[in-house]
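Trainee: Mind going through the strand pairings with me? I'd like to hear what backs up each label.

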Amino acid sequence: MESNNENKGEIYEVELERGRYYQVPWGNGKVGTPYVAKIEGLDQKYGFKRKFIKPIFVDRNSEEYLIDANNLEVGAIYERKNPSSWKHQDIRTYFIVRKIEDGKMIIEYIDKKDLIMSFKEMEEIKTNNGK
């Protein structure tokens, strides 16, 4: 299910292709390439520190972008970019992987604002504990 965080806090079950591969939504193959990246913190320049998950299969013609779900960590936060069009911004969604088993992945969508506030609070705690 595609979301632009309108469903924040909701949990979804995603069927994995061949029980292992996550099909990343690709809104428009003519305007860009999607990605999935692990969010590792905040970044002054880019907003988030990201570790990009390498796809195992990409095909612009069929608009398929697959990543191996074994490369995702349960409990980790991810950003998914879905290219939209030249006239509209890409759709970015944020989610936590809650479980991967039996050919399915359980994800919980989170709001970008909540994500930023959580990382800011964690940074403050680290700073205050260091004093």
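Mentor: Here is how the strands pair, label by label. This is a predicted model, where local features need pLDDT of at least 70, side-chain atom pairs count only at pLDDT 80 or more, and totals for chains, interfaces and linings use all residues. Residues are numbered from 1 along each chain as its sequence is written, and side-chain values use heavy atoms, with hydrogens and water left out.

Trainee: What makes β2 and β6 a pair?

Mentor: Two strands pair if DSSP finds at least two bridges between them; strands are DSSP runs of E, at least two residues, numbered from the N terminus. β2 and β6 (residues 64-68) have three bridges, antiparallel, so they qualify under that rule. One bridge links Y22 to I67 in β6.

Trainee: Why do β2 and β5 count as edges?

Mentor: The order in this open, antiparallel sheet of three strands is β2-β6-β5. β2 (21-23) and β5 (57-59) each have a single partner strand, so one side of each lacks a neighbour in the sheet. Neighbouring strands there are turned by 20 degrees against each other on average, direction ignored (axes are lines fitted to C-alpha atoms; angles run from 0 to 180 degrees between N-to-C directions).

Trainee: How do you know that β8 pairs with β7 and with β9?

Mentor: Count bridges again: β7 (residues 77-82) and β8 (residues 91-101) pair antiparallel over six, including Y78 with F95. β8 and β9 (residues 104-110) do so over seven, and Y94 has I110 in β9 as its bridge partner.

Trainee: What sits between β8 and β9 in their hairpin?

Mentor: Two residues, and D102 takes a positive phi near 55 degrees in that hairpin.

Definitions and conventions
Helix = DSSP H or I, 4+ residues; strand = E, 2+ residues; numbered from the N terminus.
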